[in-house]
Amino acid sequence: MSVTYLPVVEGLSSFGDYSPVSVSGDLVAVAGQFGTGATDTAGQVRGAFANVGVALAAVGLGFADVIKFTTYVVGRKTIAPFMATRKAVFAEIYPQGVYPPNTLLIVAGLVEPEFVVEIEAIARVRS
């Protein structure tokens, strides 16, 4: 099975030599996204989810197609504001109250020192 890489997605920033989205068969991988431009945790969480949405839309998908999130937060102090903001965002993008699996990892830092949240996703194209 071949893999198609989208090296550029309009509206997303690049932080290195990688593709923000790849597609293989009916699986789609979205590279970790940041809430660029935001200085507070809540803004970064909202921005990261918005950027995941942009990446999904680039291949004709939406949040209903996500099968798993992986989230990286810098330090334990970031967990509570992340959880509170994610709850609000999920109420908007998953109004039925059922959410995809999520692995939450606490890390020492991300690619740029101002970032405290990074969210990546795996999605599936509906048949």
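Guide: A strand here is a DSSP run, marked E, of at least two residues, and strands are numbered from the N terminus. Ala-121 is found in one such run, strand E6. The model is predicted.

Visitor: Why is Ala-121 called buried?

Guide: Buried means under 20% relative accessible area. Ala-121 has 4%. That value is under the cut-off, so Ala-121 counts as buried.

Visitor: Which residues are in contact with Ala-121, leaving aside its neighbours within four places in sequence?

Guide: Contact means heavy atoms within 4.5 Å. By that rule Ala-121 is in contact with Val-28, Ala-29, Val-30, Val-52, Val-66, Lys-68 and Phe-69. Gly-53 is another residue to find on screen: its C-alpha atom and that of Ala-121 are separated by 9.8 Å, with the two positions 68 residues apart along the chain.

Visitor: What makes E4 and E6 a pair of strands?

Guide: Two strands pair if DSSP finds at least two bridges between them. Strand E4 (residues 66-74) and strand E6 (residues 117-124) are joined by 7 bridges. The rule is met, so they pair. The two run antiparallel. Look for Phe-69 opposite Ala-121. Then find Tyr-72, which stands opposite Glu-118 in E6.

Visitor: How do you know that E3 and E6 pair?

Guide: The test is again at least two bridges. E3 and E6 have 5, in the antiparallel sense. The conclusion is therefore that they pair. Val-28 has Ala-123 as its bridge partner in E6.

Visitor: In which direction do E4 and E5 run, parallel or antiparallel?

Guide: They run parallel, with 6 bridges between E4 and strand E5 (residues 102-107). Val-73 stands opposite Ile-106 in E5. Between these strands the chain passes through helix H2 (residues 79-93), and this β-α-β crossover is right-handed.

Visitor: What makes a crossover right-handed?

Guide: Point the strands away from you. If the path from the first strand over the helix to the second runs clockwise, the crossover is right-handed. The route from E4 through H2 to E5 gets that name.

Visitor: Arg-86 is in helix H2. Why does Arg-86 count as buried?

Guide: Its relative accessibility is 17%. The cut-off is under 20%, so Arg-86 falls on the buried side. Beyond residues up to four places away in sequence, Arg-86 touches Val-45, Phe-49 and Asn-102. Its C-alpha atom and that of Glu-120 are separated by 14 Å.

Visitor: What makes Gln-44 buried?

Guide: Its value is 0%. That is under 20%, so the word applies. Gln-44 has its place in helix H1 (residues 41-57). Its contacts, not counting neighbours within four places in sequence, include Phe-34, Thr-39, Phe-115 and Val-117. Gln-44 and Val-117 are 73 residues apart in sequence but 6.4 Å apart in space, C-alpha to C-alpha.

Visitor: Why is Asp-17 called exposed?

Guide: Exposed means over 50% relative accessible area. Asp-17 has 86%, so the label holds. Asp-17 is found in the loop between E1 and E2. Its C-alpha atom and that of Pro-7 are separated by 8.7 Å.

Visitor: How do you know that E1 and E2 pair?

Guide: Strand E1 (residues 4-6) and E2 share 3 bridges, antiparallel. Two would be enough, so they pair. Leu-6 has Val-21 as its bridge partner in E2. On its way to the next strand, E2 joins E3 (residues 27-33) by 4 bridges, also antiparallel. Val-23 stands opposite Val-28 there. This hairpin has 2 residues between the strands, and Gly-25 takes a positive phi near 65°.

Visitor: Which way do the residues of E2 point?

Guide: Val-21 and Val-23 point one way, Ser-22 and Ser-24 the other. All are buried.

Visitor: How many cavities of 30 Å³ or more are there?

Guide: The count is 1. The largest cavity has a volume of about 30 Å³. Its lining is made up of Ser-13, Phe-15, Gly-32, Gln-33, Phe-34, Thr-36 and Asn-51.

Visitor: What makes the lining residues of the largest cavity polar or nonpolar?

Guide: Phe counts as nonpolar, and Gly is among the polar ones. By these classes the lining divides into 2 nonpolar, 5 polar and no charged residues.

Technical notes: Residues numbered from 1 in each chain as written. Predicted model: local features only at pLDDT ≥ 70, side-chain atom pairs only at ≥ 80, totals over all residues. Heavy atoms only, no water. 1 Å grid on protein atoms, 1.4 Å probe; cavity = no way out; pocket = protein on both sides within 12 Å on 5 of 7 lines; lining within 4 Å. Points joined across faces, edges and corners; volume = space filled by probe spheres on them. Buried < 20%, exposed > 50% of the residue type's maximum accessible area, 1.4 Å probe, protein only.
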